[in-house]
Amino acid sequence: MDFLELINFYVIPGIVLGSIYALGAVGITLVFAILRYAHLAHGDLATLGAFIALAVVTGLGVSPLVALPIAIIATAAVAVGIDKVFYEHLRERPKIVTVMASLGIALMIRAVVQVVWGVDTETYSRGIVRPENYFGLRIRDREILTVIAMIALVGGLQLFLTRSKWGKAMRAMSDNPNLALLSGIDNKKVVMLTWVIVGGLCAASGVFLGLNTELKSMMGWQMLLPMFAAAILGGVGRIEGAVLGGLVVGIAEELSVLVIPSEYKAAMAFAILLFMLLVRPTGLLKGKVL
Amino acid sequence: MTALLSMDRITGGYGDADILQDVSMHVDENEIVVIVGPNGAGKSTAMKSVFGLLTIRGGRMLFDGDDITGWAPNRIVQRGICYVPQVDNIFREMSIHENLEMGGFLKKGDLSAAYDRVYTLFPDLKERRKTLAGALSGGQRQMVAMGRALMLDPKLLLLDEPTAGLSPRYMEQIFQISRDVRDTGVAILLVEQHAKQALAFADRGYVLAAGKNRHEGSGADLLADREVAEMFLGG
């Protein structure tokens with residue numbers, strides 16, 4: 001196998017998959033940093049976002065890209081709603097209670113998706129898309145789109161966190177929650193804002209997973225482990241770390257097929273997660289210790 | 001003349017236990033008042049009671065004409081009292097400037113006058129405004145912490161052991177800065193472990209022991225008091 005083949009069949013799909021993981025991992029790392037628990041309904045929120053986009057695509061006959069913003073807004077609203085109805089009441093309890101509750105939420109979301117859209121595999125568009133050839137690199141338009149959208153969304157988030165007053169308030173809350181409260185920062189608003197962003201990112205990762213593969217009711221749940229591996233690999237609380245982690249996990253998963261049977265691809269994320277927790281629990285970019 | 005802050009026979013603590021018993025104090029405008037006492041005397045607790053951080057079961061807290069007994073901390077902040085905790089008093093992963101910005105979070109409109117005021121007091125911080133606060137030395141961190149608390153133009157600043165863990169040189173510097181802050185019209189109530197130095201620098205002092213008032217007076221008087229000296233100043 002020559003070098004171009006390696007790039008075309010393993011690295012490029014790895015980067016695309018990694019970008020999808022990155023979108024989810026950034027959300028996971030934000031929840032970890034600001035709310036301080038592992039959010040297990042993350043994958044299923046992504047599933048919900050993907051299917052909301054499907055409803056828009058089939059209902060209005062528009063492209064998935066037009067449906068994306070609608071899915072982002074709808075999923076963000078759902079995430080805020082879930083927080084208000086469920087998680088908010090558990091805020092003062094030990095965090096493990098919320099973690100378990102989020103597992104319950106994951107099952108509920110999946111059940112709703114299965115009731116509304118069924119358990120069959122769906123796609124945004126029928127037919128096979130042939131990749132374009134760029135100097136020997138074979139890339140599909142949707143793959144370019146996925147990577148660009150990830151960079152734009154995460155870049156926008158990074159700008160928000162470093163430039164705007166409320167973005168800085170989110171960082172302050174993550175940095176030192178007591179001092180943030182002493183400074184008069186409104187905890188409830190920060191939490192709500194966090195869920196808007198996290199829900200939106202979930203939807204984006206779900207839509208791009210659906211665009212590059214297919215839509216299934218289990219699609220998000222199956223992404224949960226790699227997304228957590230990516231967040232921890234990058235360093236909890238580190239946005240740029242989550243992106244790096246996502247790309248590493250995605251590429252590692254695709255490359256692993258060269259040495260292990262492809263059914264075991266998903267085990268790569270697990271191996272990376274275990275390895276990082278043993279060797280460097282603060283992650284590559286030195287995040288918080290869990 | 002009525003005091004800026006007057007604590008009138010405050011009894012209270014965390015949870016069910018009363019740490020403070022009938023503690024009374026007052027702080028006048030433009031005054032530096034220090035609370036000293038042996039370990040476990042309730043010094044920090046007395047200060048936290050001003051900021052609404054503990055359950056008050058008896059007594060009244062008056063500030064600038066308002067009864068602030070039982071107010072939540074964020075309301076007290078807006079009323080004009082800012083509090084610098086002893087530890088974890090900065091945002092480590094944010095720059096000096098961002099720390100100040102968070103301090104002024106509740107202020108509507110332009111912050112530039114507040115930045116100017118703080119940077120005039122702490123010229124060192126202005127030079128390093130883009131530096132992450134977590135990368136600073138102990139003394140500079142304390143300046144960031146005080147600067148953050150001054151952004152809202154408080155009338156009263158509460159400092160919880162501002163010199164803990166600092167070298168004598170920085171201790172002097174923090175005391176000097178506290179005087180400068182006082183001279184801009186901000187009263188200061190602070191808790192100090194270094195009783196001798198603190199009484200020498202403060203206008204007035206209170207000695208607490210076992211959660212009760214023990215002595216009060218001007219810094220010099222307390223330093224000269226034999227009982228105070230024997231009790232915990234080390235003779």
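# Notebook: a predicted model of chains A and B

I began with chain A and its contacts between residues at least 6 apart in sequence, and found that 77% of them join residues at least 24 apart. I note here that I am working from a predicted model throughout.

**Chain A, overall.** I looked up the secondary structure next, and chain A comes to 11 helices and 2 strands. Following the sequence from its start, I wrote down the pattern α-α-α-α-β-β-α-α-α-α-α-α-α. For the dimensions, I recorded that the C-alpha atoms of chain A fill a box of roughly 60 × 45 × 35 Å along the principal axes. I then checked the radius of gyration, which is 19 Å for chain A and agrees with the value near 19 Å that a compact globule of 290 residues would have. Buried residues make up 50% of the 290 residues in this chain.

**Helices α1 and α10 of chain A.** I turned to one helix pair, helix α1 (residues 3-34) and helix α10 (residues 239-256), both of chain A, which pack at an angle of about 140° with their axes 6 Å apart. I noted the crossing of α1(A) and α10(A) as right-handed, and by class the contact of these two helices has 16 nonpolar, 7 polar and 2 charged residues.

**A:Thr47.** I picked this residue in helix α2 (residues 42-60) of chain A and asked myself whether A:Thr47 is buried or exposed. A:Thr47 has 33 C-beta neighbours inside 10 Å, and since 20 or more are enough for the term, I entered this residue as buried. Setting aside neighbours within four places in sequence, I listed the contacts of A:Thr47 as A:Ile109, A:Arg110, A:Val113, A:Gly206, A:Ser217, A:Met219 and A:Gly220. I also looked up A:Val207, which is 160 residues from A:Thr47 in sequence, while their C-alpha atoms are 8.0 Å apart in space.

**Where chain A meets chain B.** I counted 13 residues of chain A in contact with 18 residues of chain B. On the side of chain A that touches chain B, α6 (165-175) and α7 (177-182) of chain A each supply at least two residues, and the largest share, 5 residues, comes from α6(A). I recorded the residues on this side of chain A by class as 6 nonpolar, 4 polar and 3 charged.

**Chain B, overall.** I moved to chain B, whose secondary structure comes to 10 helices and 10 strands. The C-alpha atoms of chain B fill a box of roughly 50 × 40 × 35 Å along the principal axes, and the radius of gyration is 17 Å, which agrees with the value near 18 Å for a compact globule of 235 residues. Of the 235 residues of chain B, I found that 43% count as buried. Among the contacts in chain B with a separation of 6 or more, residues 24 or more positions apart account for 68%.

**Helix α6 of chain B.** I checked the span of helix α6 (residues 138-150) of chain B, which has 13 residues and reaches 18 Å from its first C-alpha to its last, close to the 18 Å expected at 1.5 Å a residue. I then asked how many of the 13 residues of α6(B) are buried. The count is 10 of the 13, so I noted α6(B) as largely enclosed by the rest of the structure. The buried residues of α6(B) include B:Gln140, B:Gln142, B:Met143 and B:Arg148. Among the elements of chain B that cover the buried residues of α6(B), I listed β6 (81-84), α3 (96-103), α4 (112-121), α5 (123-127), β7 (156-160) and α7 (168-183).

**B:Leu4.** I located B:Leu4 in the segment before β1 (5-13) of chain B, and B:Leu4 counts as buried, with 21 C-beta neighbours inside 10 Å. Not counting residues up to four places away in sequence, B:Leu4 touches B:Val27, B:Asp28, B:Glu29, B:Phe63, B:Asp64, B:Lys155, B:Leu156 and B:Ala187. I added B:Gly65, which is 61 residues from B:Leu4 in sequence and 7.9 Å away in space, C-alpha to C-alpha.

**Positive phi in chain B.** I entered B:Asp22, which is not a glycine although its phi is positive, about 50°. B:Asp22 is found in strand β2 (residues 20-27) of chain B and is partly exposed, with 14 other C-beta atoms within 10 Å. I also entered B:Glu161, a residue other than glycine with a positive phi near 45°. B:Glu161 is found in the loop between β7 and α7 of chain B, and with 21 C-beta neighbours inside 10 Å it counts as buried.

Methods:
Residues are numbered from 1 along each chain as its sequence is written. Chains are lettered from A and ligands numbered from 1 in the order in which they are written. This is a predicted model: local features need pLDDT of at least 70, side-chain atom pairs count only at pLDDT 80 or more; totals for chains, interfaces and linings use all residues. Axes are lines fitted to C-alpha atoms, for helices over the stretch in contact, and angles run from 0 to 180 degrees between N-to-C directions. Helices (H or I, at least four residues) and strands (E, at least two) are DSSP runs, numbered from the N terminus. A crossing is left-handed if the near helix is turned anticlockwise from the far one by less than a right angle, and right-handed if clockwise. Ala, Val, Leu, Ile, Met, Phe, Trp, Tyr, Cys and Pro count as nonpolar, Asp, Glu, Lys and Arg as charged, and the others, Gly among them, as polar. Two residues are in contact if their C-beta atoms, placed from the backbone, lie within 7 Å. A residue is buried if 20 or more other C-beta atoms lie within 10 Å of its own, exposed if 12 or fewer, and partly exposed in between; C-beta atoms are placed from the backbone. The radius of gyration is taken over C-alpha atoms; the globule rule is 2.2 Å times the number of residues to the power 0.38. The expected span of a helix is 1.5 Å times one less than its number of residues.
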